[in-house]
Amino acid sequence: MKDDSNQQRNIVIVGLGAGGLHASKAALSQDRRCRVIFIEERDFDQFSPCALPFALEGVVEDMDRLKHSLPEIKNRLSKYLAHSAVSLDPDTKLLTVKNLLNGEKLQITYDALVLATGAGPVMLPVPGACELAGKGIYVVSDIESVSELKNAATSADSRSAVVVGAGAIGLETAHALVKLGLSVTVVEAEDRPLPRTIDPEMAGHVLDRMKDLGIKPVFGRPITRVLGRSRVEGVQVEDETIPCEILVMAAGRAPRSELAVRAGADEDRGFLVVDNRMETSLKDVYAVGDIVRSFSRIDRSPCVMQLATAAYKQGMVAGVNAAGGHVSYPGALNTFVTALGPLYIGGTGYTLETALRLGYHAKAVNLSAETKSHYMPGGVTVTLRAVVEEGTGKILGAQALGPEGVAWRINVFAAAVHGEMTVHDLADAEFAYYPAVSQMVDPISQLADIAIKRLKLPPGKCDEVFRPGYDTDENAR
């Protein structure tokens, strides 16, 4: 019988984004002898997709600064750039790859395969969209697409733009286009901005900020037609016509999961179903990032989280397991932060709408409070919202918005949700205090106290009485 114990393990990673990169790092660290082979369609290594709106606005002046290189390691890490994975045979563990420059194909065998192919922008199937593709319709998905959009936005012929979608990318793009001098309308089929990540009570503040910035909101009505002959001239929203020279599709991102789906992998609406080891239904085939349906940290219900932070954590788990280890992904909370001009917006865990839909007996508690002591200059108001389970006081989610202090407070709430903490725990938490930067009782603690009272939760239990400093163990004296 052949002994394969000393053979070098081949780990193939398709996609060199955040998930793929960290999968490689974890694999190389887990197995010091393994070999990692990257397959990437781009002709360069990596870029920072979250920075694309900043590049559009001009905050990042040179888009090439968004690119990153990953050094190859002799006999351990190699890259096939400008190559596309076209077919997968999970029985023979064979991946067929096509050179996008000359059309040649090669076959690569693997011991473990990690799919990190990401997602692509959704082009809404409305009349006129297909006919005018590339003729005034733009997306925000990579450096090339944003370069094209910026050239169009700074053209003398461009005066107005319509952004379809009021998620984070849509709002950030709309703000960037306003900064470039365009008249901007945001069209969203749902009745509010950020409809899947914040509750209506918080969305009202975002709507007010949009109007302050000069962004016209059209909510609760989907786009029904793209107008124009040789180029985009406007959009139709039910019976209203909105003229524009630029149309940005920011209505969501579709998983690029075709490779595994064709090979027989289980999927849900195009997302690859993975277990807590990030393994698909195909043996030794892992998937991470925008292409997967994973599960919630709160109750393990199925969820999709298309954020770089999730891709990073999932990539680390997949990389370790692909290299022979055994670790688990703890689940997603959809913790995020974005900005609309000077307003930062963040959230984590379940919204109240989601919690109720999942069957929780939950309530939400809101608070607006100053971030500094009242006598100190420069204080601003931050608005917090906590979603709390009735009876137990368990924190199921939170949202925050304000000019500052949003990100770190949402991170505190995320840690609380991750640790299954209650509002009693947050009320008891000790935060740093200095008048120039904080309140003596932080708004987080204030919100927790309010939640305890409004939900009529029983007081926290007293531990066994003890006197600090007195050692009752005679033998320890």
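1. Exposure of M440. In this predicted model, M440 has a relative accessible area of 62%. The residue therefore counts as exposed, since that class begins over 50%. M440 is placed in the loop that runs between α10 (423-428) and α11 (443-454).

2. Nonpolar surface patch. M440 does not stand alone at the surface: Y375, Y433 and V441 join M440 in a nonpolar patch. Together the four residues present about 430 Å² of accessible area.

3. Second largest pocket. This pocket encloses about 280 Å³ of space. Its lining comprises 14 residues, of which M305, T309, K313, L333 and T335 are the closest to the centre.

4. Origin and character of the pocket lining. Two helices, α7 (308-322) and α9 (406-418), each contribute at least two residues to the lining of the second largest pocket. The greatest share comes from α7, which supplies four residues. Sorted by class, the lining of this pocket contains eight nonpolar, five polar and one charged residues.

5. Internal cavity. How many cavities of 30 Å³ or more does the structure hold? There is one. The largest cavity has a volume of about 30 Å³.

6. Cavity lining. The largest cavity is lined by L115, T117, R256, S257, L259, A260, L272 and I291. Five residues of this lining are nonpolar, two are polar and one is charged.

Key: Residues numbered from 1 in each chain as written. Predicted model: local features only at pLDDT ≥ 70, side-chain atom pairs only at ≥ 80, totals over all residues. Heavy atoms only, no water. Patch = residues over 30% accessible without salt bridge, like charges linked within 9 Å, V, L, I, M, F, W, Y side chains within 5 Å. Areas by Shrake-Rupley, 256 points an atom, 1.4 Å probe, with all protein chains shown as cover. Salt bridge = Lys/Arg side-chain N within 4 Å of Asp/Glu carboxyl O. Buried < 20%, exposed > 50% of the residue type's maximum accessible area, 1.4 Å probe, protein only. 1 Å grid on protein atoms, 1.4 Å probe; cavity = no way out; pocket = protein on both sides within 12 Å on 5 of 7 lines; lining within 4 Å. Points joined across faces, edges and corners; volume = space filled by probe spheres on them. Nonpolar A, V, L, I, M, F, W, Y, C, P; charged D, E, K, R; others polar.
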